[in-house]
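Visitor: Please take a close, unhurried look with me at a single part, the place where empty space is left, and then follow the packing from there.

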Amino acid sequence: IDLARAAHVFLWGHRYEDYQRTIRGALEGARACGSSDGETYARLVESFGYTLEGKLAKGDALLDEARDRASDDPEIFVVSAYLESQRDEWYGRYETAADRSQQGVEVSRKHRVPLYLLGSIWFGGKARACLGRYDEALAWFREALEMAERVGDRAMRARVLNTMGWLSAEV
């Protein structure tokens with residue numbers, strides 16, 4: 001699972017060769033250990049990689065397959081909800097994105113899985129903004145901004161501020 005997490009970080013950092021090497025290692029390691037959760041986690045991250053490469057059908061199929069085989073592990077649920085809300089927001093399926101981000105946030109809080117909480121709040125806010133639910137979106141963005149500042153996530157702080165600016169121009 002840690003290799004899959006690292007691969008996801010490499011994707012966000014645009015270090016694609018490192019991502020490829022790390023995601024392969026995550027999949028091979030999970031299979032060698034018989035870790036279904038490890039393989040599912042790696043498949044979820046791999047689906048995101050395909051989406052970023054523009055291989056949307058392959059990314060969608062892999063994401064849906066990984067989600068369907070996911071265990072009841074809260075972190076895997078949260079990763080799946082985060083990636084699904086992100087994908088659905090990008091595809092213009094805003095209601096589904098808002099619902100999935102809400103589910104991910106709830107499970108994150110209930111089970112204390114912080115890893116994707118901030119991103120889930122941000123994508124949930126974006127989905128709500130696209131649905132015209134501006135007051136809700138602003139509340140989600142404010143929460144994301146406060147959290148980003150509290151934990152020192154400068155990159156996410158900048159993303160949230162940028163998105164709040166776009167929301168202000170929209171209203």
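Guide: By class, the lining of the largest pocket holds 12 nonpolar, 2 polar and 5 charged residues, and, as we go through it, please keep in mind that this is a predicted model. The lining comes to 19 residues, and those that lie nearest the centre of the pocket are L115, L118, G119, D153 and M156. Four elements each give two or more residues to this lining, namely α1 (2–12), α7 (117–130), α8 (134–151) and α9 (154–170). The space that lies in the largest pocket is about 530 Å³.

Two of the elements just named, α8 and α9, also pack against each other, at an angle of about 160 degrees and with their axes 9 Å apart. Since angles over 145 degrees count as roughly antiparallel, α8 and α9 are therefore roughly antiparallel to each other, and their crossing is left-handed. If you follow the contact along α8, you will find Y134, A137, L138, F141, R142, A144, L145, A148 and E149, which meet M156, R157, V160, L161, T163, M164, L167 and E170 in α9. Sorted by class, the residues of this contact divide into 12 nonpolar, 1 polar and 4 charged. M156 is worth a second glance, as this residue of α9 takes part in the contact with α8 and is also among the lining residues nearest the centre of the largest pocket.

Another of the pocket-lining elements, α1, leads us on to α3, for these two helices pack at an angle of about 15 degrees, with their axes 9 Å apart. That makes α1 roughly parallel to α3, and α1 passes α3 in a left-handed crossing. From α1 the residues A4, R5, A7, H8, L11 and W12 meet Y41, A42, V45, F48, G49 and L52 in α3, and the residues of this contact divide into 9 nonpolar, 2 polar and 1 charged.

The helix α3 also packs with α5, at an angle of about 15 degrees and with their axes 10 Å apart. These two are therefore roughly parallel to each other, and their crossing is left-handed. The contact is made by D37, T40, Y41, L44, V45, F48, T51 and L52 of α3 together with E75, I76, V79, S80, L83, Q86 and W90 of α5, and it divides into 9 nonpolar, 4 polar and 2 charged residues.

Following α3 and α5 brings us to a second kind of empty space, for a search of the whole structure finds 1 cavity of 30 Å³ or more. About 60 Å³ of space lies in this largest cavity, and the elements that give two or more residues to its lining are α3 (36–52), α4 (56–69) and α5 (74–91). The largest share, 4 residues, comes from α5. The residues that line the cavity are S47, F48, T51, G59, L63, L83, Q86, R87 and W90, and by class they are 4 nonpolar, 4 polar and 1 charged. F48 links several parts of this picture, since it belongs to the contact of α3 with α1, to the contact of α3 with α5, and to the lining of the largest cavity.

Note on methods: Residues are numbered from 1 along each chain as its sequence is written. This is a predicted model: local features need pLDDT of at least 70, side-chain atom pairs count only at pLDDT 80 or more; totals for chains, interfaces and linings use all residues. Side-chain values use heavy atoms; hydrogens and water are left out. On a 1 Å grid over the protein atoms alone, a cavity is a set of points where a 1.4 Å probe fits but cannot get out, and a pocket is an open set with protein on both sides within 12 Å along at least five of seven lines; lining residues have an atom within 4 Å of a point. Grid points are joined across faces, edges and corners, and a volume is the space filled by probe spheres set on the points. Ala, Val, Leu, Ile, Met, Phe, Trp, Tyr, Cys and Pro count as nonpolar, Asp, Glu, Lys and Arg as charged, and the others, Gly among them, as polar. Axes are lines fitted to C-alpha atoms, for helices over the stretch in contact, and angles run from 0 to 180 degrees between N-to-C directions. Angles under 35 degrees count as roughly parallel, over 145 as roughly antiparallel, 65 to 115 as roughly perpendicular and the rest as oblique. A crossing is left-handed if the near helix is turned anticlockwise from the far one by less than a right angle, and right-handed if clockwise. Contact means heavy atoms within 4.5 Å.
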